[in-house]
Structure formats: C-alpha cells, structure tokens
Amino acid sequence: MHSVTAATIAGGGGENAGAYLRSLASGELVGTLAFSERGTGAHFYAPELQAARHNGGVRISGRKSFVTSGGHAGIYLVLVQSATGEGLDCYAIQGDAEGIRFDGAWEGLGMAGNSSVALELSDVEVADAARIGEAGAGAGLVFSVVAPFFLVGLAAVNVGIAAAALKSAIDHAANRRYGDGSSLAEVQMIQHLIADMDIAVRSARLLVREAAALGDAGDEGALVPIMEAKVCATQTAAAVTQQALEVCGGQGYTPALPIERHLRDARAGAVMAPTNGVLRSWIGKALAGLPVP
Ligand SMILES: Cc1cc2nc3c(=O)[nH]c(=O)nc-3n(C[C@H](O)[C@H](O)[C@H](O)COP(=O)(O)OP(=O)(O)OC[C@H]3O[C@@H](n4cnc5c(N)ncnc54)[C@H](O)[C@@H]3O)c2cc1C
C-alpha cells in the first residue's frame with residue numbers, strides 16, 4: 001500500500017505532491033489507500049462518500065473500511081465523489097488531521113501485520129492543495145496508476161508467499177527422516193507435489209515479470225497481462241500453500257513450520273480489490289472488446 005500510495009502521488013501530481021513523496025521516500029511517513037467502503041464493497045472505484053465545498057477547500061465525512069496500516073500510516077489517500085458531482089477526487093489526508101478516527105482492530109485470517117481497520121472521517125477539512133491529480137480525474141488515476149501498481153505488487157507478494165512455502169516444504173521433505181533412515185523426499189507422491197509446486201511458482205513468476213515489464217514500458221496492451229498476473233499469482237499462492245501442507249503433513253499444520261502462516265496469508269489476495277471475481281469479468285470484457293469496467 002505504501003508503494004502504491006507513492007506511485008499514485010507521483011503519477012497524479014498536485015501542489016503538495018513533492019513534499020508527500022519526500023516524506024514517503026525517507027520513511028518519515030507511511031502511506032496507504034482508503035478507497036473501500038461497506039456500501040460499495042469490491043467496487044472500490046465507485047465511492048459513495050462525497051466531498052463538500054467548504055472554506056475554500058473541501059470537507060469530508062463518512063467511513064472507509066479495510067484501511068491497511070490504519071492508525072499507523074501518516075498519509076491516507078481518500079477517494080471520494082468530487083464536490084461538484086463531476087467525477088472522483090483523491091485527497092492525501094494526514095493521519096493526525098482533525099476529525100480522523102480509527103475504529104476496530106485487525107482480526108483477519110492471515111496477514112497479521114496488515115492492520116486493516118475502519119477510518120471514520122467527521123467533517124475533516126481538506127485544502128485543494130492536498131488533491132492528487134486534476135479535479136474530477138480520480139477515476140483515471142485509479143485505473144491508470146493505482147490498479148496496475150497494486151495488482152503487480154500484490155501479484156509479486158503472492159509469488160513470494162508461494163515460493164517461501166515451496167522452499168519450506170522442500171527443506172522439510174529433505175530433512176524429515178523415518179526410523180529406517182529414509183527421507184520424506186524419497187516418497188514419489190512428495191516428489192510429484194514438489195515438482196507441481198515448482199512448475200506453478202515458476203509459471204506465476206514469469207507471468208508477473210512479463211506484466212511488470214509491459215507496465216514499465218507503458219505498453220497499451222499491458223492491462224490484461226497485469227490483471228491475469230494478479231489472478232494467477234494469488235491462485236498459485238493458495239494452491240501451492242495447500243500442497244506444501246500436504247507435503248509437510250501434521251507438522252505443517254502447526255506453528256513448528258511456517259506453512260500454516262503462508263497458507264493463511266495466501267487466502268487474502270483473491271478477495272483484495274480488484275478481487276479475482278471482478279478481475280475475471282474485466283479480463284473477459286477486455287478480450288471480447290467490451291469497455292472495462
Ligand atoms: C487484507 C486486506 C487488506 C485490505 N486493504 C485495503 C486498503 O488498504 N484499502 C482499501 O481501500 N481496501 C482494502 N481492502 C478491501 C478490499 O480491497 C475489498 O474492497 C474488500 O475486501 C471487499 O470486501 P467486501 O466483503 O465488501 O466485498 P463484496 O463486495 O461483498 O464482495 C464479496 C465477493 O463477491 C464478489 N463480487 C462482488 N461483486 C462482483 C462482481 N460484480 N463481479 C464479480 N464478483 C463480484 C467479490 O469478488 C467478493 O469475492 C483490504 C482487504 C483485505 C482482505
């Protein structure tokens with residue numbers, strides 16, 4: 001989220017963009033996205049919250065959900081309907097701004113360090129200088145910067161989770177000895193599982209690298225490969241962590257090995273927006289020549 005925040009500010013620009021980027025790059029402030037709302041769920045790009053003109057700037061009230069690093073981050077990119085009713089605006093709001101409150105504690109299945117909590121905004125006053133990008137241009141920013149950077153980043157994280165589970169499974173299979181001195185790795189079913197996992201991880205990694213390279217090059221056809229890379233990498237992480245559990249057996253089900261943590265962490269990617277359900281629709285639409293979203 002921190003990297004996507006920086007990419008969004010760099011891509012959109014704005015009066016305060018340089019100062020925000022310096023504090024994000026130095027590590028002085030952590031950045032995050034406050035896009036999701038209970039009322040729109042997976043459709044994070046269609047917020048119900050609306051800014052209202054106030055004191056030469058805007059005033060924002062309402063509730064954002066699932067804000068990663070909520071309460072820990074210093075800069076929150078808040079997506080709202082613009083005060084004019086024309087398009088969306090994205091504002092960078094400081095974590096210590098008056099009227100900001102964080103609600104709840106993170107109790108997710110995995111991603112224990114994520115701290116996704118609700119962000120409550122009560123008449124938060126925001127200067128126009130805090131807007132990222134041109135007035136009303138928020139949707140363009142979401143689809144041209146936020147989504148591609150987030151999708152490639154999350155895909156890479158999931159390849160990493162799958163690769164870590166594969167490595168742990170191989171180490172365990174090689175080192176686990178039975179009474180007769182043979183190792184778990186000598187069991188053919190285990191060899192097949194390891195082979196399948198390695199093929200899956202390598203394939204997903206190649207897809208993510210290709211998507212990242214196309215995105216970096218500004219290729220017009222990058223969107224479909226980027227969306228496919230996220231779906232593939234998150235599905236791979238879910239499947240490979242399950243296979244790693246099967247390789248490691250009962251020991252993999254306990255905290256003695258990191259497999260159970262990887263397995264829980266790998267469940268988040270599919271439901272993080274753009275969710276895999278939504279992405280599969282968008283990929284199908286794009287390939288059939290229909291407008292996305
Ligand atoms: C660990 C974690 C961290 C997160 N961090 C952030 C963050 O930092 N900032 C932020 O803004 N949000 C964040 N989110 C929120 C996330 O991006 C989603 O917006 C949120 O998970 C949607 O949840 P929901 O239950 O409201 O989905 P719902 O809208 O209720 O959807 C439920 C299911 O139905 C599917 N679905 C719904 N509509 C469609 C459709 N039209 N086509 C196909 N499938 C559909 C969805 O894919 C999903 O699987 C985070 C979520 C998680 C789990």
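This is a short walk through the structure above, from the overall chain to the ligand and then to some unusual backbone spots.

Keep in mind that the model is predicted.

Let me start with the whole chain. We have seven helices and eight strands. Along the principal axes, the C-alpha atoms fill a box of roughly 80 × 45 × 35 Å. The chain has 293 residues, and 46% of them count as buried.

Next, the interior. The largest nonpolar core holds 85 residues. Which residues have the most contacts inside it? They are Phe35, Ile60, Leu77 and Ile93. Helix α3, residues 138-175, gives the most to this core, with 16 residues. Both domains take part: domain 1 (2-135) and domain 2 (139-287) each supply at least three residues to this core.

Now the ligand. It is surrounded by 19 residues. The closest are Ser36, Ala42, Phe66, Thr68 and Thr275. What is the character of this shell: nonpolar, polar or charged? The split is ten nonpolar and nine polar, with no charged residues. As with the core, the shell draws on two domains. Domain 1 (2-135) and domain 2 (139-287) each give at least three residues to it.

Look at the backbone around the ligand oxygens. Phe35 places a backbone N or O atom 2.9 Å from a ligand oxygen atom. Remember that Phe35 is also among the residues with the most contacts inside the largest nonpolar core. Ala42 has a backbone N or O atom 2.8 Å from an oxygen atom of the ligand. Then there is Val271, where a polar backbone atom is 3.1 Å from a ligand oxygen atom. How much of the ligand does the protein cover? On its own, the ligand has 990 Å² of accessible area, and the protein covers 68% of that. Two elements give two or more residues to the shell: β1 (31-34) and α7 (276-287).

Stay with α7 for a moment. Asn276 sits in this helix. Its relative accessibility is 7%, so Asn276 counts as buried. The Asn276 side chain makes a polar contact of 2.9 Å with the side chain of Lys230.

Just before α7, look at the loop that follows α6 (259-265). Pro274 is in that loop. The peptide bond from Ala273 to Pro274 is cis, with omega near -5°. There is another cis bond, between Val292 and Pro293, with omega about 0°. Pro293 belongs to the segment after α7. For context, most peptide bonds are trans.

Now phi angles. Most residues other than glycine have a negative phi. Met111 is not a glycine, yet its phi is positive, about 50°. Met111 lies in the loop between β6 (100-103) and β7 (117-126). Asp123 also has a positive phi, about 50°, and is not a glycine either. Where is Asp123? In strand β7. Is Asp123 buried or partly exposed? Partly exposed, because its relative accessibility is 46%.

One last stop, back towards the start of the chain. Ala17 is in helix α2, residues 17-26. Ala17 has a relative accessible area of 8%, so it is buried. Compare its position with Asn55, 38 residues away along the chain. The C-alpha atoms of Ala17 and Asn55 are separated by 22 Å.

To close, go back to the ligand: its shell has ten nonpolar residues, nine polar and no charged, and it draws at least three from each of domain 1 and domain 2.

Notes: Residues numbered from 1 in each chain as written. Predicted model: local features only at pLDDT ≥ 70, side-chain atom pairs only at ≥ 80, totals over all residues. Heavy atoms only, no water. Near = heavy atom within 4 Å. Polar contact = N/O pair within 3.5 Å; in protein donor to acceptor, adjacent residues only side chain to side chain. Areas by Shrake-Rupley, 256 points an atom, 1.4 Å probe, with all protein chains shown as cover. Helix = DSSP H or I, 4+ residues; strand = E, 2+ residues; numbered from the N terminus. Nonpolar A, V, L, I, M, F, W, Y, C, P; charged D, E, K, R; others polar. Domains from an automatic or database assignment. Core = buried A, V, L, I, M, F, W, Y, C linked by side-chain atoms within 4.5 Å. Buried < 20%, exposed > 50% of the residue type's maximum accessible area, 1.4 Å probe, protein only.
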